[in-house]
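Got the viewer open? Here is a short tour, one selection at a time, with a note on what to look for at each stop.

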Amino acid sequence: MFNDEEVTCRSASNFLQEREDATSKTCSNAKAELGGTCCYAICNICGDNDLDWDVFVNYDGKDMSCGDFNEIFREEAIQDGSEQCDALSADYSSTCCYASPTTSCQLCKQDGTYFDVIEKAEVDFNGPTTCLEVANFLSRRTEDTDPVCSVTQTSLFNECCYEKCIIAQPGTYPDWTAEVELDGKVATCLELEDVITEESIPKNSTECQSLLDAFSSTCSYSIPSNACDICPDKAVSINATAEWEGTQMKCSDINSRLSTREEADGDVCVNAQTSLQNSCCFDQCMICDKSTQKTDSVLTVYHNGKTKQCTEVDTYFYEMSILASSDECTTSIPDFSQCCYTEPTTPCNICRRDTKDFDVMGSNTVTYQNQRMTCADVNDMMFRREEESGETCSTAKDELFDACCDSKCSLCAYKGLEAGVKISFEGRMMTCLELDMGLGPAAIIAGSDQCNEITNKYSEDCCYDKPESPCRICIGDNVGVSKEVSVNYLGTETTCESLSNYLGSREEQDGETCKSASSDHSEKCCFEQCSLCGEGNADWETFVTYEGQSIACGDFEWILREKSVAAGSDQCIAVKDEFSEKVCAHFSIRLVFI
């Protein structure tokens, strides 16, 4: 019964979907009353494995995708665990279901080198198919270590794999939007790349060389060392348009293109500055005089009914094209004078007394200039804006030193602390760490006679000199230390990461201990890290979804390093294939076109 009428479960469901919100009381009541009668688990022929949508089978005399089974099960109300479901599972699960591989098989991988797939080439693989379909099947369903993988790689390599023609010049970046004339028609370099992929044109072939001779210089560009700015002394209008190379474009787009391709002192840039000055450049209203002052990027102000960072107000002036000579600019600037400062020569440190610097207790909160702030925020503000010898700095020190600065006696000061070493202090055995931590509650002040007496007595046992050039067993900007691998060091089993941290805190890079450890363990402990953009730059303003979280593209390199993803690994290649064009939008490392 539903609404005092005999209806089918499907009718009740359709009625509720058309009229009720999922959070409504009517919906909740219907679920409670009818759920047990109307609801069931749909047949699942794959259990915990995945259903392959790209595999076709014959069912009831018709060829269909395995993925279509789900709709059939719903339409025919086939319940999980029923005899009909079990029978279907017995007939089709071996064909339709698979467990996703941990490290997938790549068809065109040979001796650790990855080649391109000749996508349209036809081969026999359990029947006639294309190389692309074989590559997708192996990647989706086969482990890299499975004998089927190696046998297929060997047997189909000559038919399916090749090294593709690269249109961009060595050491440059592809210019996707540049136009060329191809077969009597105007095409972009991206469209030319599509032709190369479509035709499977190999590297070093006569056809490839002809394309390179004709189009490589047009389809390639290098990042300038001193980038062009069409308005070096003014702002580029975000709204204005101008004609450039025969096309009407936004001034901001013209500037963006030239800044990634042209040197500031090159003829192209100089000509652009001359021809576009009146169309694209304007004297933007700015909070601060950029020639003598800095704009505080942290400080917040009230503007147009909202609390904003000072730099956001400048952004508003830019986006609205507010001129420096406008009434709005003239009346607004005095309200934001606190945003401007002259960069100090010797920055203020609120925890410096005479020549001694004490640690800032950053998380402590204080009231300063009628605002509740952390000590770290106050010290950062003073460091950005105030001179060490200035009155503002001196006043802040007087007000905040006791609350913000750690002046307790430190057992090892700037040396390293041997935390676990045991010593006898006042007749009681304790670790060096326990002694050091007890000096604060005992109110022993740094530099006092009592502090000096304790440090003189125990520093030899408890302290060690930190290296000036810390030992690194894995040398190189893009070389990482494995977190999982273990090695035997001086008779003790330890992880490579722990060994690296230990040596880094105690040994000099050019010391014999470091050299010996690096020689013995670098092969096992070190690996080249996966880099998404190589020597290019990630776009910090673009966000992508990775493992269920939205992250800035600029964070990708750090995530790959934190996960110890190795260059050339399947995980690295998979991430590059999915994200490099988005993450490295303007500085793509991918000179091979996909």
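**Stop one: cysteines without a partner**

Start by selecting C39: its closest cysteine sulfur belongs to C38 and is 6.1 Å away, too far for a bond. A disulfide here requires sulfur atoms within 2.5 Å, so C39 misses out. Keep in mind that you are looking at a predicted model. Now turn on the surface around C39. Is this residue buried or exposed? C39 counts as exposed, because its relative accessibility is 56% and the cut-off for exposed is over 50%.

Next, select C27. Which cysteine has the sulfur closest to that of C27? It is C39, but the gap is 10 Å, too far for a bond. C27 counts as buried, with 12% relative accessibility, since anything under 20% goes in that group.

**Stop two: C9 and C38**

You met C38 a moment ago as the neighbour that C39 doesn't bond to. Select C38 together with C9 and you'll find a disulfide, with 2.2 Å from S to S. This link ties together distant parts of the chain: C9 sits in helix 1 (residues 9-19) and C38 in helix 2 (residues 25-38), 29 residues apart. Look along the S-S bond and you have -75 degrees about it, a left-handed link. As for the surface, C9 is partly exposed at 33% relative accessibility, and C38 is partly exposed too, at 24%.

How many disulfides are there in total? The count comes to 25, and the tour visits two others further down the chain.

**Stop three: C251 and C280**

Move on to C251 and C280, whose sulfur atoms are 2.1 Å apart in a disulfide. Colour by secondary structure here: C251 belongs to helix 9 (residues 251-259) and C280 to helix 10 (residues 267-280), so the link spans distant parts of the chain, 29 residues apart. The link of C251 and C280 is left-handed, with -75 degrees about the S-S bond. Both of these cysteines are buried, so hide the surface if you have it on.

**Stop four: C231 and C281**

Now pick C281 and C231. Their sulfurs are joined in a disulfide, 1.8 Å from S to S. The torsion about that S-S bond is about -80 degrees, so this disulfide is left-handed. Where do the two ends of the link lie? C231 is in the loop between strand 14 (220-221) and strand 15 (235-236), while C281 is in strand 18 (residues 281-282), 50 residues apart. C231 is buried, with a relative accessible area of 1%, and C281 counts as buried at 11%.

**Last stop: helix 6**

Finish by selecting residues 147-160, which make up helix 6. The helix has 14 residues and reaches 19 Å from its first C-alpha to its last, close to the expected 20 Å. Zoom in on T154, where helix 6 bends by about 35 degrees. Then go to the start of the helix and show the side chain of D146: one of its oxygens reaches to within 2.9 Å of the backbone nitrogen of V148.

Which residues of helix 6 are buried? They are C149, T152, Q153, L156, F157 and C160. To see what covers them, bring up the surroundings, including strand 5 (109-110), strand 7 (116-117), strand 8 (122-124), helix 5 (131-141) and strand 10 (161-162).

Methods
Residues numbered from 1 in each chain as written. Predicted model: local features only at pLDDT ≥ 70, side-chain atom pairs only at ≥ 80, totals over all residues. Heavy atoms only, no water. Helix = DSSP H or I, 4+ residues; strand = E, 2+ residues; numbered from the N terminus. Expected span 1.5 Å × (residues − 1). Bend = angle between axes of the 7 residues up to and from the residue. Buried < 20%, exposed > 50% of the residue type's maximum accessible area, 1.4 Å probe, protein only. Contact = heavy atoms within 4.5 Å. Polar contact = N/O pair within 3.5 Å; in protein donor to acceptor, adjacent residues only side chain to side chain.
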